[in-house]
Each structure stands twice: as C-alpha cells, then as structure tokens.
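User: I have a protein model open and would like to go through it step by step. Could we begin with its core?

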Amino acid sequence: MAKLGQRYWLPVLLAVAETFASLNTPRATWPNGPFVTSGRWIQDAAGSTVTYVGVNWPGSLEVMIPEGLQYQSIGSIVSQIKSLGMNTIRLTYATEMIDQYYDNGEKDIAIRQALTDALGQDGGTTVYNEILANNPSFNSETTRLQVYDAIAEECAKQEIYVHLDNHVSKAGWCCTPLDGNAWWGDQYFNVDNWTRGLSFMATHGKSWPNLMSMSLRNELRTPLSNFTFASESYNWENWYTYIKQGSDAIHSANGDVLIFLSGLSSDQDLSPVVNGTALTPGSATFNRDDFSGYANKLVLELHAYDNILGPGPSDCNKVQDKLSNAGFKALTSDATNQFPVVLTEFGLVQNGTSAQDPYISCVLDYISSQNAGWMIWAIQGSYYIREGIRDHDESWGLLVHDWSDWRSPDFANNSLTSTVKKTLTINPDSSTSAGTSNNKSGGTSMKPMITLNLFNLRLPLYATTLAISMTVLFY
C-alpha cells in the first residue's frame, strides 16, 4: 500500500506544488513595458491594464529645465507626487531646447548658462547656487538634458511613469493664440524643427526605462497673429497631415513609446477622430492604417478648462456631456474609433475651498468613473521666471511657493487621493462596454489568485510542505 501510494500520489502532489508555485510568481519588473493599446485600454507587456494618474511638471519656460529645483530636491518633489498615489508625470519641454542643441554644435547648454540667460547674471547665479544646494549631484557641467535625465531616474526609483510633452516651440508661458506657438507654420512653430525635436527627445528618452509615452503637441489653437494664415491653414485636414508626420517621427526614433494625439480648440475637441467624420475641408477620415505598424500605440488626449475665466459649470450632466462629445466617447463601444483617452490638463486655483469646487468635483467624478487617465495642472508652486516676472507664483499649483507643502491640503489629501484610488479601480460598467480588463489598473495584474497562505506561509513553501506531508503519509 505504501509503494502504491508513493507511485500514484507523489507525482500528482509534486505537480500540484509546481502549479501553486507558478501562481505565486512575482509580477514582471516595473514598468513592464512597452505599453500598447487595446480598444479603450492601455496595457503593459503582460496584458494588465495601466491607467495614468498624475500631474504636470513644466520644463518648457525660458530656463528650459523643470521648475522648482531652487526650492526642493528632485527626490523630495517626486516623493510629494508619489504620496498622493500618483503614478505619472507629464514632463514638458520646448522645441527651442533641441534647436539650441543643434545650433551649439550638437552640445547641450549647461544649466548655469541657461539660468543666467533667462534671469540675468546675478539672478541666474543665485538660483543656480540654490539648485546645487538642493541637488548636490549637479555641478557646473550639468546640462539641461541631464536634469531631465535625473528626474526620469528618480521617477523610476519611485515607480512613476514619465510622459514627455512637447509644450511649445519657443520657450515661454503657454498658451495664447497670439504667442507664435499656436499652429504648424506659426511664427515660431517650424514644422521641420518640430519633427526633429520629437525624434531627438524620443531617441534621448530611450535610456529612461520609465519613458512610456510622448505627446505630439500641446493645445493646438487658432494662430490669430495672422488671420489669413489662420483661415487657410487651421483645419482638420492639415491637422491630420501633421499628426501623421509627428507620429512617424516619434515611432521611427523609439518604437516603444505610446503617442498621444491632441485635438483642436486648445485640445478640447477630437470629435471627428472619435466619430469617424470627415477631416474638413477634405473628405478623408481618420484611418488607423495610416499609422502602419503602430496603430496600437495611439492614445487621445484632451484638456478641460471651462473654469479658466471664472467658475465652471456646476451641472455634472452638462460637464459629462461636454467631455463625452469632446472625445471621451472614444472610451465606449458607441465610438466609431475607440481609443484610450487621457485628460492631460485640468485644474483650479488652489485655496481653502478647492475641495468644494463644483466644476472640478464633476470632472474628477466623471474621469474616475470612466477609468480614464488624467494629469492635473500642475505641481509647481512657482517658476524661475514667467511672463517676465522672476520667481512668479502659481496660484493653480498644488504646492506652495517654495514647493514644501500642499497649497490646499484638503484638496490634495482628500479629493485627489480618493480620485486616484477610484480611477485605478476598474468600473465593471466601463469594462463591460469596452471589453474585458483586470480589476486594477495600476500596472499590476489582478487575475484570479489562490490564497493559500495558511499559517503565514508563502505559497511555494506551503505547497512544498503539503507535498512532503502527503508523501510521508502515504509512504
């Protein structure tokens, strides 16, 4: 009987132990890229759903390095972002930075020079010394691109994805229809320099394991500095031509990254793409075949700023309808062209009543219920220089002027953190309407797990113990 038990039960028990052990195999190493899209979802290399929840961190103003380093270390800023449960930064840059790289014999400019160029000799030197005091790994040889590298590295340490955003061509505050950055062919918006810049940053970012996506352009808008040019050029047909050029530039340089497509009207309209209607004044429609070999890399991005000139609408049904019509319909099976959609900019003045703002509450509720990605504007409490004012305060910034704490703690610690959690928990209704998905969307698979952690034993150990015990019993 003993030999019979050993003969028939031991192979079975060992097979069971091997199966249990495989079920407890650790997840793939973060960030488990490259990411792709499937219907309305972004997925990692294992097929698990990934949803961006994060914040904007601008680096596209005159100094052309990410803001705030004269007040805090990179590690401290990233930790603040991480403390809200966020998993992404939208890191902006100006095409002018790459233009200067090529004009300078393919050599980047040191941050000390960048600061003195923008702030003057005395002001730039003071801020430079403050930056070095907070970030002692920097020195006189550190370049602007190396600051971007350091931010990407710290984000990788804290498991935060980087999304690179081409914010402007000429560095500075964005955005107005008169700033020369509005549309392809505008005063500063040189098409060749733009595609060169996209290709350069896509190539440079290959060394960042957490560069998961890039945008083509921030807030395309009517170029009102030239009415004739605007009437002839600003349309969906031309948009499509340039979008394809930019997408090809990114994908040819770095085939791993997702590519975010922004719309017209300061990125508040992508309806022709979603609905499959004519890209006027032509008759062609959006066709994934025009993105040969990487159609599964495309994501739509939108902005929501109905509160930019005052209080936004407080009727959540109207807010939801407008967002849906602008392009969030792409998340549903009703769309002709289904895509993931990320709200890459929205925000509000940070004060004691921010958490009770009805418009933002409607926006946060809608995007989280749809499991749509989002990145709020913005983290910065201040700027090196903005619109000619040094050390300019940012009232919409999540952090206070010196970047040391939340400007509105109630909004940050309650409104935002709860929205993060809700966004990352898949809504069965959104899942059903768009196909199957895992139950969590932070890049960790939530496929069924067998919980056999009896007596606090790890699963492989428990399975092995079970097999040995049964072998002894039957032997």
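User: Which residues touch the most other members in the largest nonpolar core?

Analyst: Trp 57 and Trp 239 do, in a core of 114 residues. Please keep in mind that this is a predicted model. Another core, of twelve residues, lies apart from that one; its members include Ile 42, Tyr 52, Tyr 161 and Met 212.

User: Is there a general reason to look for such cores?

Analyst: In soluble globular proteins, nonpolar side chains tend to be buried together.

User: And what percentage of the residues in the protein count as buried?

Analyst: Of the 475 residues, 53% count as buried.

User: How many helices and strands are there?

Analyst: The protein has 16 helices and 13 strands. Among contacts with a separation of 6 or more, 76% come from residues 24 or more positions apart.

User: Let us turn to helix packing. At what angle do H4 and H5 pack?

Analyst: Helix H4, residues 111-119, packs against helix H5, residues 121-134, at about 140°, and their axes are 7 Å apart. That angle makes H4 oblique to H5. The crossing of H4 past H5 is right-handed.

User: Which residues meet there?

Analyst: From H4, the residues are Ile 111, Arg 112, Leu 115, Thr 116 and Leu 119. From H5, they are Gln 121, Gly 123, Gly 124, Thr 125, Val 127, Tyr 128 and Ile 131. By class, this contact has six nonpolar, five polar and one charged residues.

User: Which residues of H4 are buried?

Analyst: Ile 111, Ala 114, Leu 115, Thr 116 and Leu 119 are buried in H4. Their cover includes H5, H6, strand S12 (385-386) and strand S13 (389-390).

User: Why might residues a few places apart in a helix point the same way?

Analyst: An α-helix has 3.6 residues a turn, so residues three or four places apart point the same way.

User: What follows H4?

Analyst: Gly 120 follows H4, and its phi is positive, near 90°.

User: How are H2 and H6 arranged, then?

Analyst: Helix H2 (residues 74-83) and helix H6 (residues 144-157) pack at about 45°, with axes 10 Å apart. The two helices are therefore oblique to each other, and H2 passes H6 in a right-handed crossing. H2 contributes Ile 74, Gly 75 and Val 78 to the contact, while H6 contributes Val 147, Ala 150, Ile 151, Glu 154 and Cys 155. These residues divide into six nonpolar, one polar and one charged.

User: A new topic: the backbone. What is usual for phi and peptide bonds?

Analyst: Most residues other than glycine have a negative phi, and most peptide bonds are trans.

User: Where in this model is a peptide bond cis?

Analyst: One cis bond joins Cys 174 and Cys 175, with omega about 20°. Cys 175 lies in the loop between strand S6 (161-168) and helix H7 (191-204). The bond from Thr 280 to Pro 281 is also cis, with omega near 10°. Pro 281 is in the loop between helix H11 (271-275) and strand S9 (298-303).

User: Which residues have a positive phi although they are not glycine?

Analyst: Examples include Ser 266, with a phi of about 55°, and Asp 267, with a phi of about 60°. Ser 266 is in helix H10, residues 264-267, and Asp 267 is in helix H10 too.

User: Is Asp 267 buried or exposed?

Analyst: Asp 267 counts as buried, because its relative accessibility is 0%.

Definitions and conventions:
Residues are numbered from 1 along each chain as its sequence is written. This is a predicted model: local features need pLDDT of at least 70, side-chain atom pairs count only at pLDDT 80 or more; totals for chains, interfaces and linings use all residues. Side-chain values use heavy atoms; hydrogens and water are left out. Axes are lines fitted to C-alpha atoms, for helices over the stretch in contact, and angles run from 0 to 180 degrees between N-to-C directions. Helices (H or I, at least four residues) and strands (E, at least two) are DSSP runs, numbered from the N terminus. Angles under 35 degrees count as roughly parallel, over 145 as roughly antiparallel, 65 to 115 as roughly perpendicular and the rest as oblique. A crossing is left-handed if the near helix is turned anticlockwise from the far one by less than a right angle, and right-handed if clockwise. Contact means heavy atoms within 4.5 Å. Ala, Val, Leu, Ile, Met, Phe, Trp, Tyr, Cys and Pro count as nonpolar, Asp, Glu, Lys and Arg as charged, and the others, Gly among them, as polar. A nonpolar core is a set of buried Ala, Val, Leu, Ile, Met, Phe, Trp, Tyr and Cys residues joined through side-chain atoms within 4.5 Å. Buried means under 20% relative accessible area, exposed over 50%, partly exposed in between (1.4 Å probe, protein chains only).
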